[in-house]
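Trainee: Could you take me through a single part of this model in detail? I would like to look at its largest pocket.

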Amino acid sequence: PRLATALGADGRLESSDTFAARFPGDGLGYGAHYDGHGGPKGCVLTAILYTSRGWTEASGGVFMALDPHERAWLAVPPEAGTLLIFRSDRVLQKVLPCFAPRVALTIFLSKAAS
């Protein structure tokens with residue numbers, strides 16, 4: 001009920017985009033961004049499932065989310081089986097440089113049309 005209230009209307013969601021993101025391990029990452037701002041139209045929730053086994057700290061590619069209350073970045077290692085679900089229109093996020101191949105399945109959810 002709390003999530004439905006936060007989303008407004010009746011709280012129904014629909015998938016707006018689904019894809020597999022692959023980092024080749026060449027040191028690239030994603031800069032700080034909101035998925036709901038300039039990302040998929042109307043995106044309010046993002047779900048990310050990490051699938052790559054054998055992650056180590058040297059592999060990099062750590063997901064970072066800004067905690068606005070603590071004014072600090074929270075780190076989530078991209079270990080296989082880890083599922084993240086967050087308010088993509090409110091959570092500032094980034095991915096640190098990745099030095100080993102990494103794959104994640106991502107689903108963007110938007111508010112369902114009334």
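Mentor: What follows describes the largest pocket and the residues that line it. This is a predicted model, in which local features need pLDDT of at least 70 and side-chain atom pairs count only at pLDDT 80 or more, while totals for chains, interfaces and linings use all residues. Residues are numbered from 1 along each chain as its sequence is written, and side-chain values use heavy atoms, with hydrogens and water left out.

A pocket is an open set of points on a 1 Å grid over the protein atoms alone where a 1.4 Å probe fits, with protein on both sides within 12 Å along at least five of seven lines. The largest one holds about 220 Å³ of space, a volume being the space filled by probe spheres set on the points, which are joined across faces, edges and corners. Its lining has 17 residues, and F19, Y30, I48, Q93 and T106 are the closest to the centre; a lining residue has an atom within 4 Å of a point.

Strands (DSSP runs of E, at least two residues, numbered from the N terminus) contribute to this lining. At least two residues come from each of β1 (13-23), β2, β3, β7 (93-95) and β8 (102-111). The strand that gives the most is β8, with four residues.

By residue type, the lining has ten nonpolar, five polar and two charged residues. Here Ala, Val, Leu, Ile, Met, Phe, Trp, Tyr, Cys and Pro count as nonpolar, Asp, Glu, Lys and Arg as charged, and the others, Gly among them, as polar.

The ranges of two of these strands, β2 (30-33) and β3 (43-50), also bound a loop, and D35 is found in that loop.
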